[in-house]
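User: Could you take a close look at one part of this protein with me? I would like to understand its cysteines.

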Amino acid sequence: VYQEFNPFLEEMDIRGLLSEGQADQAVEKARQILEQRPGSIQFTFLLAEALMKGNLPEVAVSEVRSLLEFYPESFVLYARLNQFFLDHDGSAGCCRQWQALVESNPSLACARIYRDYGCAQSSAVLPDSSGSAVER
């Protein structure tokens with residue numbers, strides 16, 4: 001089925017590097033794959049995981065947010081972004097991530113939905129009636 005590229009094997013290689021504590025090598029491998037397959041949701045999130053393990057959270061968030069250029073209306077992408085934000089920032093941080101995303105991209109309706117839901121779940125921040133974040 002797979003001639004030159006087997007995504008399953010490539011993902012397992014990256015995950016193996018991460019489990020061995022080799023975040024830099026995992027980042028390099030993920031970037032090599034993304035050069036040939038730009039916009040891959042699977043490998044962009046793997047890259048972000050490697051960047052997080054390499055203690056580069058701002059770069060990781062930037063990488064996953066860049067996927068919105070390719071898939072601005074993909075519900076699957078928004079669900080993965082939400083889980084990534086929750087896993088790495090907790091509920092209050094997730095709310096802040098969605099708020100920042102909506103502020104920089106106000107036309108993304110799905111992002112507004114995730115912001116409103118995520119902030120309502122957060123004990124730290126809620127959107128007011130205008131959609132702006134307000135501390136509780």
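Are C95 and C119 buried or exposed?

Analyst: Happy to help! Keep in mind that this is a predicted model. Both of your residues, C95 and C119, are buried.

Let's see how they are connected. C95 and C119 form a disulfide, with 1.9 Å between their sulfur atoms. In general, a disulfide is a covalent bond between the sulfur atoms of two cysteines. The cut-off used here is a pair of cysteine sulfur atoms within 2.5 Å, and the C95 and C119 sulfur atoms, 1.9 Å apart, count as a disulfide because that cut-off is met. A search of the whole structure finds one disulfide. The link joins distant parts of the chain: C95 sits in helix α5, which covers residues 75-104, while C119 belongs to helix α6, covering residues 109-121. The two cysteines are 24 residues apart. If you look along the S-S bond, the angle about it is 95 degrees, and the link of C95 and C119 is right-handed.

What about the other cysteines? C94 takes part in no disulfide. For C94, the nearest cysteine sulfur is that of C95, and it is 7.5 Å away. C94 has a relative accessibility of 2%, so C94 counts as buried. C110 has a relative accessible area of 16%, and because buried means under 20%, C110 is buried too.

To sum up, C95 in helix α5 and C119 in helix α6 are joined by a disulfide, and both are buried.

Key. Residues are numbered from 1 along each chain as its sequence is written. This is a predicted model: local features need pLDDT of at least 70, side-chain atom pairs count only at pLDDT 80 or more; totals for chains, interfaces and linings use all residues. Side-chain values use heavy atoms; hydrogens and water are left out. Helices (H or I, at least four residues) and strands (E, at least two) are DSSP runs, numbered from the N terminus. Buried means under 20% relative accessible area, exposed over 50%, partly exposed in between (1.4 Å probe, protein chains only).
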